[in-house]
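Here are a few exercises to work through with the coordinates open. Try each task before you read its solution.

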Amino acid sequence: MNLEDTDNLTIFVPTEKGKAELKAGSTKLSAMALRLLVMFDGKSPMAAIVERVSGARPGEIGEAVEALLRDKLVDIVRPGKKAQDDTASFFEVPIDAMPESVSAKFREEAERGQQSLDRSGYYIGVAHQAAGKKAPNNGSKYSVLLIEDNAPFITAVKMLLKLEGYEVRVASNRDEIVGALRNPALPDAILLDVNLPGTDGFAVLAGVRQHAALRAIPVIMLTAQANRGDVLRGLSGGASGYVTKPFELEVLMKSLRAVLGLADPPGKS
């Protein structure tokens, strides 16, 4: 079994061979593999383990898990419900265009959000701004998942984000969205287009907020047309903020820094 057979909810436990490896005076394991072998307790899901690991280079955690599985040093206690099953339902969640039961608080915030969008082109809900700097989920580099289907727009945003020091992943359709959300290396933030082929960003947002391993990830909605109804719909569904298209570089960077608690771009901090 390799890492692609697991998901964010998978739980690992050391085998008898793995326990013996921990007691041995020396080991041929990599530092990351040894670290994970110690952390796998048969209780914590992979998502929780990844959150506790810092300083990993891209792909290092996956390589270490695959090595431990290959050498039969760990076993899967309870394979989590397949994320493909979880995320498949993202596209079936019924979302009202304007929920009747939305609180006055959300309606007031939607009004402030509309004013901010009209004034500056972006809006981050006060409740969703990070109180302090968040550590990257997968090491030293912050990762952004861009869910978007417009190829020229994707090229431009990827270039801008990389120049600012972010690692960028892209998902443009249902299968790619499912695959990206199954990745054990969780993104630090999601940029989510409202208009997507075969679905819409609000349905994906609803699924993310209902998924135990994903619900805490900041989600910024990208939209060419933002009105009070859309802002209210997103806020009530758990969106961290909005950015209107087309946008200036600094507008997008400000929104990302706000939800990640960064004072400076990742590459300059």
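Buried residues make up 52% of the chain's 269 residues. Keep in mind that this is a predicted model. The chain holds 11 helices and 10 strands, and residues 24 or more positions apart account for 74% of its contacts with a separation of 6 or more.

**Exercise 1. Classify the packing of H7 and H11, and list the residues that make the contact.**

Solution.
- Step 1: Find the helices. H7 covers residues 151-163 and H11 covers residues 249-260.
- Step 2: Get the geometry. The axes are 11 Å apart, and the packing angle is about 60°.
- Step 3: Assign the class. Roughly perpendicular begins at 65 degrees and roughly parallel ends under 35, so H7 is oblique to H11. The crossing is right-handed.
- Step 4: Collect the residues. H7 brings Val 157, Leu 160 and Leu 161, while H11 brings Leu 249, Leu 252, Met 253 and Leu 256.
- Step 5: Sort them by class. You get 7 nonpolar residues, with no polar and no charged ones.

**Exercise 2. Do the same for H9 and H10, then work out how much of H10 is buried.**

Solution.
- Step 1: H9 (residues 201-210) and H10 (residues 228-237) pack at about 15°, with axes 9 Å apart.
- Step 2: Angles under 35 degrees count as roughly parallel, so that is the label for H9 and H10. Their crossing is right-handed.
- Step 3: On the H9 side the contact uses Phe 202, Leu 205 and Arg 209; on the H10 side it uses Asp 230, Arg 233, Gly 234 and Gly 237.
- Step 4: Splitting these by class gives 2 nonpolar, 2 polar and 3 charged residues.
- Step 5: Now for burial. H10 is mostly covered, with 7 of its 10 residues buried. They are Gly 229, Asp 230, Val 231, Leu 232, Arg 233, Gly 234 and Leu 235.
- Step 6: Look just past the end of H10, where Gly 238 has a positive phi of about 105°.

**Exercise 3. At what angle do H2 and H4 cross, and which residues make the contact?**

Solution.
- Step 1: The axes of H2 and H4 come within 9 Å and cross at roughly 70°.
- Step 2: The window for roughly perpendicular is 65 to 115 degrees, so H2 and H4 get that label. The crossing is right-handed.
- Step 3: From H2, the contact takes Met 32, Ala 33, Leu 36 and Leu 37; from H4, it takes Glu 60, Ile 61, Ala 64, Val 65 and Leu 68.
- Step 4: The tally by class is 8 nonpolar, no polar and 1 charged.

**Exercise 4. Search the whole structure for aromatic pairs and describe what turns up.**

Solution.
- Step 1: The search returns 1 aromatic pair, formed by Phe 12 and Phe 40.
- Step 2: A pair like this is described by the distance of the ring centres and the angle of the planes. For Phe 12 and Phe 40, these come to 4.9 Å and 35°, and the pair is tilted.
- Step 3: Place the partners. Phe 12 sits in strand E1 (residues 11-14), and Phe 40 is in the loop between H2 (31-39) and H3 (46-52). The pair links distant parts of the chain, 28 residues apart.
- Step 4: Check burial. Phe 12 and Phe 40 are both buried.

**Exercise 5. Where are Ser 140, Lys 72 and Glu 176, and is each one buried, partly exposed or exposed?**

Solution.
- Step 1: Ser 140 is in the loop between strands E3 (122-124) and E4 (143-147). Its relative accessible area is 67%, so Ser 140 is exposed.
- Step 2: Leaving out residues up to four places away in sequence, Ser 140 touches Gly 55 and Ala 56. The C-alpha atoms of Ser 140 and Pro 266 are separated by 9.1 Å, though the two are 126 residues apart along the chain.
- Step 3: Lys 72 lies in the loop between H4 (60-70) and strand E2 (74-78). Lys 72 counts as exposed, because its relative accessibility is 58%. It isn't a glycine, yet it has a positive phi of about 60°.
- Step 4: Glu 176 belongs to helix H8 (residues 174-182). At 36% relative accessibility, Glu 176 is partly exposed.
- Step 5: One last distance: the C-alpha atoms of Glu 176 and Ile 147 are 8.9 Å apart, with their positions 29 residues apart along the chain.

Terms used
Residues are numbered from 1 along each chain as its sequence is written. This is a predicted model: local features need pLDDT of at least 70, side-chain atom pairs count only at pLDDT 80 or more; totals for chains, interfaces and linings use all residues. Side-chain values use heavy atoms; hydrogens and water are left out. Axes are lines fitted to C-alpha atoms, for helices over the stretch in contact, and angles run from 0 to 180 degrees between N-to-C directions. Helices (H or I, at least four residues) and strands (E, at least two) are DSSP runs, numbered from the N terminus. Angles under 35 degrees count as roughly parallel, over 145 as roughly antiparallel, 65 to 115 as roughly perpendicular and the rest as oblique. A crossing is left-handed if the near helix is turned anticlockwise from the far one by less than a right angle, and right-handed if clockwise. Contact means heavy atoms within 4.5 Å. Ala, Val, Leu, Ile, Met, Phe, Trp, Tyr, Cys and Pro count as nonpolar, Asp, Glu, Lys and Arg as charged, and the others, Gly among them, as polar. Rings of Phe, Tyr and Trp (its six-membered ring) pair if their centres lie within 6.5 Å; planes under 30 degrees apart count as stacked, over 60 as edge-to-face and the rest as tilted. Buried means under 20% relative accessible area, exposed over 50%, partly exposed in between (1.4 Å probe, protein chains only).
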